[in-house]
Amino acid sequence: MLRLAIQKSGRLNEDSLKLIKECGISFTQSDGKLKSEACNFPIELLYLRDDDIPQYVADGTADAGIVGENVLVEKDKPVFIADRLGFAKCRLSLAVPKEFEYKGLHNLQNLKIATSYPKILGDYLAKNGIKAQIHQISGSVEIAPSIGLANAICDIVSSGSTLLSNGLKEVETVFHSEAVLIRNPSLAENKLHILEQLLFRIGAVKKAQNYKYILMNVPNEAIERVSRILPVLKSPTIMPLALEGWSSLHTVIKEDEFWEIIEELRRAGAEGILVLAIEKMIV
Ligand code: ATP
Ligand code: ZN
């Protein structure tokens with residue numbers, strides 16, 4: 001049994017559960033409990049505050065966990081990153097009052113900066129040769145300048161609207177974060193094996209998200225031309241249409257390549273192009 005810690009509630013909770021579900025792992029009803037055991041995979045979920053997850057994974061209370069990289073780096077616990085999960089993307093930024101004439105980091109020399117991330121900020125300032133007073137607060141960091149607690153802040157920014165409504169402007173990006181799957185460095189062989197199975201499934205889910213299934217109708221004489229445009233996995237599947245002289249061509253392409261080649265496909269003679277989501281992909 002692998003014990004996986006996830007956030008009990010908050011921004012990571014929903015996407016973590018969604019990923020686990022997409023891996024085909026199901027749970028019998030779990031109503032606000034602290035843990036729940038899967039019915040078709042040897043895994044148990046522990047629901048915790050995100051800040052506690054690195055410690056629990058480090059000391060082995062949990063075998064693995066899903067946490068924001070920002071929290072992981074801030075807590076600085078001895079755990080391994082097993083995979084990057086691509087959700088909960090956000091950045092940690094420095095912000096100053098709108099009227100602050102900010103020209104560069106040197107403007108922050110000897111000032112007071114409020115943050116919930118003293119380690120990440122401290123490392124960043126040290127790397128850039130800036131000495132500042134770091135004032136650690138645990139929440140509502142953005143109001144610190146207006147109440148005279150600090151000259152600047154370092155906090156998570158997503159849209160920037162919270163900053164704006166507090167009269168602040170973003171001036172430097174300190175850290176980019178996404179959700180990561182962490183694990184205890186000395187897992188027993190049987191647990192490592194379960195984790196590998198889980199990572200395999202996560203890989204298939206992530207790959208499927210990056211690829212699309214594409215099908216189109218192509219006049220037979222254009223099949224070669226169209227096939228050459230497609231960056232296919234192996235070679236496209238071609239099936240005859242009932243309509244004489246036409247075929248249906250199916251293949252899998254990367255989503256980010258799709259928009260670049262769509263016009264080319266049309267010029268080469270493809271029609272009725274359909275693009276479908278793929279649920280899982282094992283290659
Ligand atoms: P907890 O109650 O578990 O301590 P929290 O209030 O500390 O939760 P959340 O606000 O739920 O934390 O954020 C959890 C994580 O989600 C953050 O550590 C960060 O990695 C990520 N995150 C935060 N804000 C955003 C955002 N605006 N967009 C995307 N991801 C974000
Ligand atoms: Zn937290």
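**Exercise 1.** In this predicted model, explain why the sulfur of Cys 154 is in no bond with the closest cysteine sulfur.

*Solution.* Begin with the general rule: a disulfide is a covalent bond between the sulfur atoms of two cysteines. The cut-off applied here is a pair of cysteine sulfur atoms within 2.5 Å. For Cys 154, the closest cysteine sulfur is in Cys 90, and the separation of 11 Å is too far for a bond. Applying the rule gives a count of zero disulfides. Cys 90 is accordingly in no disulfide, with the sulfur of Cys 154 as its nearest cysteine sulfur, 11 Å away.

**Exercise 2.** Determine where ligand 1 lies with respect to domain 1 and domain 2, and why.

*Solution.* Take the domain bounds: domain 1 comprises 2–87 + 178–208, and domain 2 comprises 90–177. Both domains give residues to the shell around ligand 1, so the ligand lies between them. As for the space taken by ligand 1, this is the largest pocket.

**Exercise 3.** Describe the residues that surround ligand 1 and the polar side-chain atoms by its oxygen atoms.

*Solution.* Start with the shell. Ligand 1 is surrounded by 16 residues, of which Arg 11, Arg 49, Asp 50, Asp 51 and Asn 70 are the closest. Sorted by class, the shell holds five nonpolar, six polar and five charged residues.

Next, list distances to oxygen atoms of ligand 1:

- Arg 49: 2.8 Å from a side-chain N or O atom.
- Asp 51: 2.7 Å from a polar side-chain atom.
- Asn 70: 2.7 Å from a polar side-chain atom.

Finally, consider the cover. On its own, ligand 1 has 640 Å² of accessible area, and the protein covers 76% of it.

Notes. Residues numbered from 1 in each chain as written. Chains lettered and ligands numbered in written order. Predicted model: local features only at pLDDT ≥ 70, side-chain atom pairs only at ≥ 80, totals over all residues. Heavy atoms only, no water. Near = heavy atom within 4 Å. Polar contact = N/O pair within 3.5 Å; in protein donor to acceptor, adjacent residues only side chain to side chain. Areas by Shrake-Rupley, 256 points an atom, 1.4 Å probe, with all protein chains shown as cover. 1 Å grid on protein atoms, 1.4 Å probe; cavity = no way out; pocket = protein on both sides within 12 Å on 5 of 7 lines; lining within 4 Å. Sits in = over half its atoms within 2 Å of the grid points. Nonpolar A, V, L, I, M, F, W, Y, C, P; charged D, E, K, R; others polar. Domains from an automatic or database assignment.
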